[in-house]
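Colleague: I should like to learn how to read the features of a model such as this one. Might we go through them in order?

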Amino acid sequence: MSEAGVTAGAAAQATELRKHEANDVKCSELGWLCIPLVVESYGAWGKEAMESFSSLASRLAITSSRPKSAVLSELYGRLNLNLVRANTPWVTMLLLVKVEATQIIRHNSLRDTFWESCKLACIAGQIEAGSGLDVEGSRTRPADILLPNWEFGKPAALDFTITSALNPSTLIEASVMAGSAASARKHVANDEKCSRLGWVCIPLSVETYGCWGEEAGRCLDRLATRIATRTGCPKSSAVSGLYGRLSIGLVRANARALLARSSSLS
């Protein structure tokens, strides 16, 4: 599990080696380069796959004039979406059902996974911050995680929100940018209080299938950069490891929601 926290595990690495053994000679004869794209069932990708995705994201960012972090987040999101659909083809309708307890578990799972990743980068912070801090005494907590000196020298109030891409009320927005409607709601709810406290509000929106919003993508990219700097691993490995850990937590929480729903129907 320690390896899987950064890159794909030993099984995936062994698969990469088998692919090279099977294909390298023929590819060499043809003048091709063999690049195995290996992924574990929970969404952790092999090293060569991560390097290829990073290169592809760089090219897409240039042609689309978008930040590479947003392109990379969307790329992993689309791949995770298809992986989840392949693993659980009956997930589509049941994920529309709201089960309050499992929603909280899913939210807290992502928050705690992100918090543990902050510790890898030696980033100090605070969980569930903001209640009663401003002069108006508001009891709202705009920060699931509060990180000091994050953006432009200001603390960042990270607020996780999970939404369904199939929600009829936000279907149009979701087709353009993942989690955009959920991020907008978080800004409406939190921007004023964060401004009074001198914080920057950063919604970390993710769809139930694993596609992260644009602001979340930039935040995850920055955290991965700090993890890579601190641990000495390649940034591509840090990015894949971070998305892999969050994806595993999301898939597990989705499974709990499905089990809770199926038990209530039986």
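**Surface, fold and two residues**

Modeller: The protein chain has an accessible surface of about 13600 Å², and carbon and sulfur atoms contribute 57% of that area. Please bear in mind that the model is predicted.

Colleague: What percentage of the residues of the protein chain count as buried?

Modeller: A residue is called buried when its relative accessible area is under 20%. Here 46% of the 266 residues meet that description.

Colleague: How many helices and strands does the protein chain contain, and which pattern do they follow along the sequence?

Modeller: The chain holds nine helices and four strands. Their order along the sequence is α-α-α-α-α-β-β-β-α-α-β-α-α. As for contacts with a separation of 6 or more, 60% come from residues 24 or more positions apart.

Colleague: Which residues form a nonpolar patch on the surface?

Modeller: The patch consists of L33, I35 and L37, which together have about 320 Å² of accessible area. One of them, L37, sits in the loop that runs between helix 1 (10–30) and helix 2 (47–64).

Colleague: Why does L37 count as partly exposed?

Modeller: Partly exposed covers the range between under 20% and over 50%. L37 is assigned to this class because its relative accessibility is 48%.

Colleague: Is S205 buried or exposed?

Modeller: S205 belongs to strand 4 (residues 200–207), and it counts as buried because its relative accessibility is 0%.

Colleague: With which side chain does the side chain of S205 make a polar contact?

Modeller: The partner is the side chain of S183, at 2.8 Å.

Notes
Residues are numbered from 1 along each chain as its sequence is written. This is a predicted model: local features need pLDDT of at least 70, side-chain atom pairs count only at pLDDT 80 or more; totals for chains, interfaces and linings use all residues. Side-chain values use heavy atoms; hydrogens and water are left out. Patches are made of residues with over 30% relative accessible area and no salt bridge: like charges are joined within 9 Å, nonpolar side chains (Val, Leu, Ile, Met, Phe, Trp, Tyr) within 5 Å. Accessible areas come from the Shrake-Rupley method with a 1.4 Å probe; for residues, only the protein chains shown count as cover. A salt bridge is a side-chain nitrogen of Lys or Arg within 4 Å of a carboxyl oxygen of Asp or Glu. Helices (H or I, at least four residues) and strands (E, at least two) are DSSP runs, numbered from the N terminus. Buried means under 20% relative accessible area, exposed over 50%, partly exposed in between (1.4 Å probe, protein chains only). A polar contact is a pair of N or O atoms within 3.5 Å; within protein, one must be able to donate a hydrogen and the other to accept it, and residues adjacent in sequence count only if both atoms are side-chain atoms. Contact means heavy atoms within 4.5 Å.
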